[in-house]
Amino acid sequence: PDIDIVNVTTGQHKPLSSFRGKLVCVDFWATWCEYCQETIQKLDHARAQNRDHWNDRVTVVPIALDEEPESVVRHLKQRGWNHLDHYWAGPWTAYPLDTAAACAFGLDSTPRSFLIGPDGRILWQGHPLAKVSGMDLIERIRETLKVPSKAG
């Protein structure tokens with residue numbers, strides 16, 4: 001789905017489709033979700049370690065489901081997670097999973113991650129820490145990068 005997300009630092013709106021052409025790792029999370037913290041820490045660390053290798057090939061798009069973007073900025077600063085651009089899903093009405101972004105992706109819980117191919121198709125979705133077929137999210141990104149993309 002092409003959703004509108006807001007950069008928590010700059011306040012600029014951006015369509016998810018603007019990342020098309022790269023492998024996109026979308027991770028829905030929240031500052032108050034204890035299970036989300038390890039994922040964001042791992043993604044931040046992986047981005048720092050793979051900056052050169054991932055630069056033109058992978059974009060990690062963490063999307064926070066918090067009530068306001070300012071709480072996300074404070075949370076990231078407190079933990080020193082500064083290797084990724086973070087985004088906000090937008091306002092919610094009754095609870096965090098009713099944002100337009102969460103509804104578009106059919107979220108029923110957090111954390112939840114999606115790997116989206118350069119063509120915009122979802123290649124994988126699931127819990128980012130789950131070892132499905134022996135791979136967690138970071139290993140899945142690395143494995144996907146090994147597969148040459150098909151032209152056409």
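How many bridges join β3 to β4, and do the two strands run parallel or antiparallel? In this predicted model, seven bridges link the pair, and the strands run parallel. Along this pairing, Phe-28 sits opposite Ile-63 of β4. Strand β3 also pairs with β6, here in the antiparallel sense and over five bridges. Two of the facing pairs help to locate this second pairing: Cys-25 has Leu-115 of β6 as its bridge partner, and Val-26 stands opposite Phe-114.

With β4 and β6 as partners, β3 is a good place to begin a tour of the interior. Seven of its seven residues are buried, so the strand is largely enclosed by the rest of the structure. In a regular strand, side chains alternate between the two faces of the sheet. For β3, both faces are covered. One side carries Leu-23, Cys-25, Asp-27 and Trp-29, while the other carries Val-24, Val-26 and Phe-28, and all of these are buried.

The interior itself can be described through its nonpolar cores. The largest comprises 19 residues, and those with the most contacts inside it are Leu-16, Val-26, Phe-28, Val-61 and Ile-63. At least two residues of this core come from each of β3 (23-29), β4 (58-64), α4 (100-104) and β6 (112-116). The biggest contribution is that of β3, which gives three residues. A second, separate core holds 14 residues, including Cys-25, Trp-54, Leu-84 and Trp-124.

Phe-28 offers a closer view of these surroundings. Leaving out residues up to four places away in sequence, Phe-28 touches Ile-63 and Leu-65, as well as Ala-101, Ala-102 and Phe-105, among others. Its further contacts include Ile-3, Leu-107, Thr-110, Pro-111, Arg-112 and Phe-114.

From β6 the path leads on to β7 (residues 122-126), to which β6 is joined by four bridges in an antiparallel arrangement. Within this pair, Ile-116 stands opposite Ile-122. The hairpin formed by β6 and β7 has five residues between the strands, and Gly-120 in this hairpin takes a positive phi near 95 degrees. Strand β6 has four of its five residues buried, so it too is largely enclosed by the rest of the structure.

The cysteines come next. One disulfide is found in a search of the whole structure; it joins Cys-33 to Cys-36, with an S to S distance of 2.5 Å. Both of these residues are buried. The torsion about their S-S bond is about 80 degrees, and the disulfide is therefore right-handed. For Cys-25, the closest cysteine sulfur is that of Cys-36, but at 13 Å it is too far for a bond. Cys-103 likewise has Cys-36 as the residue with the closest cysteine sulfur, at 17 Å, which is too far for a bond. As for their settings, Cys-25 has 0% relative accessibility and so counts as buried, whereas Cys-103 is partly exposed, with a relative accessible area of 49%.

A charged residue completes the tour. Arg-47 belongs to helix α1 (residues 34-49). Arg-47 is buried but has no salt bridge, and the nearest side chain of opposite charge, that of Asp-52, is 7.6 Å away. Apart from neighbours within four places in sequence, Arg-47 is in contact with Trp-54, Asn-55, His-83 and Leu-84. Two of these contacts, Trp-54 and Leu-84, also appear in the second core.

How values were computed: Residues numbered from 1 in each chain as written. Predicted model: local features only at pLDDT ≥ 70, side-chain atom pairs only at ≥ 80, totals over all residues. Heavy atoms only, no water. Buried < 20%, exposed > 50% of the residue type's maximum accessible area, 1.4 Å probe, protein only. Lys, Arg positive; Asp, Glu negative; His and termini not counted. Salt bridge = Lys/Arg side-chain N within 4 Å of Asp/Glu carboxyl O. Contact = heavy atoms within 4.5 Å. Core = buried A, V, L, I, M, F, W, Y, C linked by side-chain atoms within 4.5 Å. Pairing = 2+ DSSP bridges. Disulfide = S-S within 2.5 Å.
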